[in-house]
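Let's explore a protein chain together, one question at a time. Have a look at the picture first, then read on.

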Amino acid sequence: MKTKNDLKILGVTAAVLLLIGAAADLQISHFLYNPGSMFGKLFEAIGEFPASYLASLCAMIIAFSKTYRSGNACPAPYSPFCSL
């Protein structure tokens, strides 16, 4: 269990780090953002891929669960996946 002294130290440390971050935010952003960086260009190109992949996976799960709940057989195009 934390004592009051530990909580005070944690609060002061958090406040100091917040002040440093607020004062240096623009410099940090300029340091991290480089339009010519290959790392940035890579994530610009594939940045939306994980979200679209997750959305299509969720749609497939919903479609399969409705098929199974209704008692209908698995549709022909999806038959390899029905045994999973």
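Q: How much area does the chain expose, and what share of it do carbon and sulfur atoms supply?
A: Keep in mind that this is a predicted model. The exposed area of the chain comes to about 7,600 Å². Of that area, the share supplied by carbon and sulfur atoms is 72%.

Q: What percentage of the chain's residues count as buried?
A: A residue is called buried when its relative accessible area is under 20%. Among the 84 residues of the chain, the portion that counts as buried is 4%.

Q: In what order do the elements of the chain run from the N terminus on?
A: The chain has 4 helices and 0 strands. Reading from the N terminus on, the order is α-α-α-α.

Q: Which helix supplies the largest share of the nonpolar patch?
A: The patch covers about 700 Å² and is made by Phe39, Leu42, Phe43, Ile46, Phe49 and Tyr53. Helix H3 (38-46) and helix H4 (49-70) each give at least two residues to it. The largest share is 4 residues, and the helix supplying them is H3.

Q: Is phenylalanine 43 buried, partly exposed or exposed?
A: This residue sits in helix H3. Buried means under 20% relative accessible area and exposed means over 50%, with partly exposed in between. Phenylalanine 43 has 46% relative accessibility, so it counts as partly exposed.

How values were computed: Residues are numbered from 1 along each chain as its sequence is written. This is a predicted model: local features need pLDDT of at least 70, side-chain atom pairs count only at pLDDT 80 or more; totals for chains, interfaces and linings use all residues. Side-chain values use heavy atoms; hydrogens and water are left out. Buried means under 20% relative accessible area, exposed over 50%, partly exposed in between (1.4 Å probe, protein chains only). Accessible areas come from the Shrake-Rupley method with a 1.4 Å probe; for residues, only the protein chains shown count as cover. Patches are made of residues with over 30% relative accessible area and no salt bridge: like charges are joined within 9 Å, nonpolar side chains (Val, Leu, Ile, Met, Phe, Trp, Tyr) within 5 Å. A salt bridge is a side-chain nitrogen of Lys or Arg within 4 Å of a carboxyl oxygen of Asp or Glu.
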